[in-house]
Amino acid sequence: MPSGQTHEAINLTFFAGLAAGYAYARAQGLTQEFETLLAPQTVTLFSLSYLVGSFLVTPDLDLAENNVRAKRHWGLLGLLWVPYGTMFNHRGMSHTWVIGPLTRLVYMAVVGLGLAYLTNIVAPYFGYQIQFQTQLSNNWQELALGSLLGYYLSQWLHLVADGISPDHGRKRSKAKPAPFPKKK
Ligand SMILES: [Zn+2]
């Protein structure tokens, strides 16, 4: 199985290919047809989520109870991933194509909201008043789609490099036990 560093190299190489393809298509005027989908903001968010998914939020965070590379990139905040590592077996549900990446998004949302809640309670004691505001821009759908695509693509490349196909889970559950026990 590829090391964390190898995964990062693979993802970066693929990203360079994408960027080159995009630059070429742009130079040829081919991107104009998809102007709404390929707006600079969306492309930026796509790239950011792809990089975050390649370096910070990888499937191998299921090993976060140990010292895994992606966790180290978070610095001290990497500790926040330890419960995730305890909850998920290595290369189990965390390494599936649809649910796997989603488990990390949900986990981050829960931890993020929890931290925001705690900050809200604690801040007044230090004389701070914190207000959380969200404002959706009018092209939020494209932005959300771009971010999701970037993130998911980075996760899928990781799975491909791990040799996990999209129907891996189904194959595994259908697999029959070996007729003869292996000799030791
Ligand atoms: Zn992996």
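Which residues do ring pairs link into a cluster? In this predicted model, the cluster consists of Trp74, Trp81, Tyr84, Phe88 and Tyr107, joined to one another by ring pairs. The count of aromatic pairs comes to ten. One of the pairs is formed by Phe15 and Tyr50, whose ring centres lie 5.1 Å apart with the planes at 20 degrees; as the cut-off for stacking is under 30 degrees, the pair is classed as stacked. Phe15 belongs to helix α1 and Tyr50 to helix α2, so the contact ties together parts of the chain that are 35 residues apart in sequence. Both rings belong to residues classed as buried: Phe15 has a relative accessibility of 18%, and Tyr50 has a relative accessible area of 0%. The value for Phe15 falls under the 20% limit for burial.

The zinc ion has four donor atoms. The protein donors are the OD atoms of Asp60 and Asp162 and the NE2 atoms of His95 and His158, at 2.1 to 2.2 Å from the ion. In sequence, the donor residues follow the spacing D-x34-H-x62-H-x3-D. The angles among the donor atoms run from 84 to 175 degrees, and the site is classed as irregular. A tetrahedral assignment for four donors would require all angles to lie between 85 and 135 degrees. For reference, the ideal angle for four tetrahedral donors is 109.5 degrees. Of the donor residues, His158 is buried at 4% relative accessibility, and Asp162 is also buried, with a relative accessible area of 10%.

Empty space in the model was examined as pockets and cavities. The largest pocket has a volume of about 310 Å³. Its lining comprises 15 residues, and those closest to the pocket centre are Leu18, Tyr22, Leu38, Val43 and Phe46. Two or more lining residues come from each of α1 (4–27), α2 (40–55) and α6 (140–161). The greatest contribution is that of α1, with five residues. By class, the lining of the largest pocket holds ten nonpolar residues, four polar residues and one charged residue.

The second largest pocket encloses about 180 Å³ of space. This pocket is likewise lined by 15 residues, with Ser3, Gly4, His7, Asp60 and Val68 closest to its centre. Asp60 is thus found both in this group and among the zinc donors. At least two lining residues are supplied by each of α1 and α3 (69–73), and α1 accounts for the largest share, three residues. The lining of the second largest pocket divides into five nonpolar, seven polar and three charged residues.

One cavity of 30 Å³ or more is present in the structure, and the space within it is about 30 Å³. The lining of this largest cavity is made up of His7, Glu8, Asn11, Gly53, Ser54, Thr58, Ser154 and His158. The elements giving two or more residues to this lining are α1, α2 and α6, and the largest share, three residues, is that of α1. No nonpolar residue takes part; seven of the lining residues are polar and one is charged. Two of the residues in this lining recur elsewhere in the description. His7 lines the cavity and is listed among the residues closest to the centre of the second largest pocket. His158 lines the cavity and provides an NE2 donor to the zinc ion.

Two loop positions complete the description. Arg91 is located in the loop between α4 (82–87) and α5 (99–122). Although Arg91 is not a glycine, its phi is positive, at about 65 degrees. Arg91 counts as partly exposed, with a relative accessibility of 27%. Pro124 is located in the loop between α5 and α6 and is also partly exposed, with a relative accessible area of 41%. The C-alpha atom of Pro124 is separated by 35 Å from that of Gln141, a residue 17 positions away along the chain.

Conventions: Residues are numbered from 1 along each chain as its sequence is written. This is a predicted model: local features need pLDDT of at least 70, side-chain atom pairs count only at pLDDT 80 or more; totals for chains, interfaces and linings use all residues. Side-chain values use heavy atoms; hydrogens and water are left out. On a 1 Å grid over the protein atoms alone, a cavity is a set of points where a 1.4 Å probe fits but cannot get out, and a pocket is an open set with protein on both sides within 12 Å along at least five of seven lines; lining residues have an atom within 4 Å of a point. Grid points are joined across faces, edges and corners, and a volume is the space filled by probe spheres set on the points. Helices (H or I, at least four residues) and strands (E, at least two) are DSSP runs, numbered from the N terminus. Ala, Val, Leu, Ile, Met, Phe, Trp, Tyr, Cys and Pro count as nonpolar, Asp, Glu, Lys and Arg as charged, and the others, Gly among them, as polar. Rings of Phe, Tyr and Trp (its six-membered ring) pair if their centres lie within 6.5 Å; planes under 30 degrees apart count as stacked, over 60 as edge-to-face and the rest as tilted. Buried means under 20% relative accessible area, exposed over 50%, partly exposed in between (1.4 Å probe, protein chains only). Donors are N, O and S atoms within 2.8 Å of the metal (3.2 Å for Na, K and Ca); water is not among the atoms, so sites may look incomplete. Four donors count as tetrahedral if all angles lie between 85 and 135 degrees; four count as square planar and six as octahedral if opposite donors are over 155 degrees apart and all others between 65 and 115; anything else is irregular.
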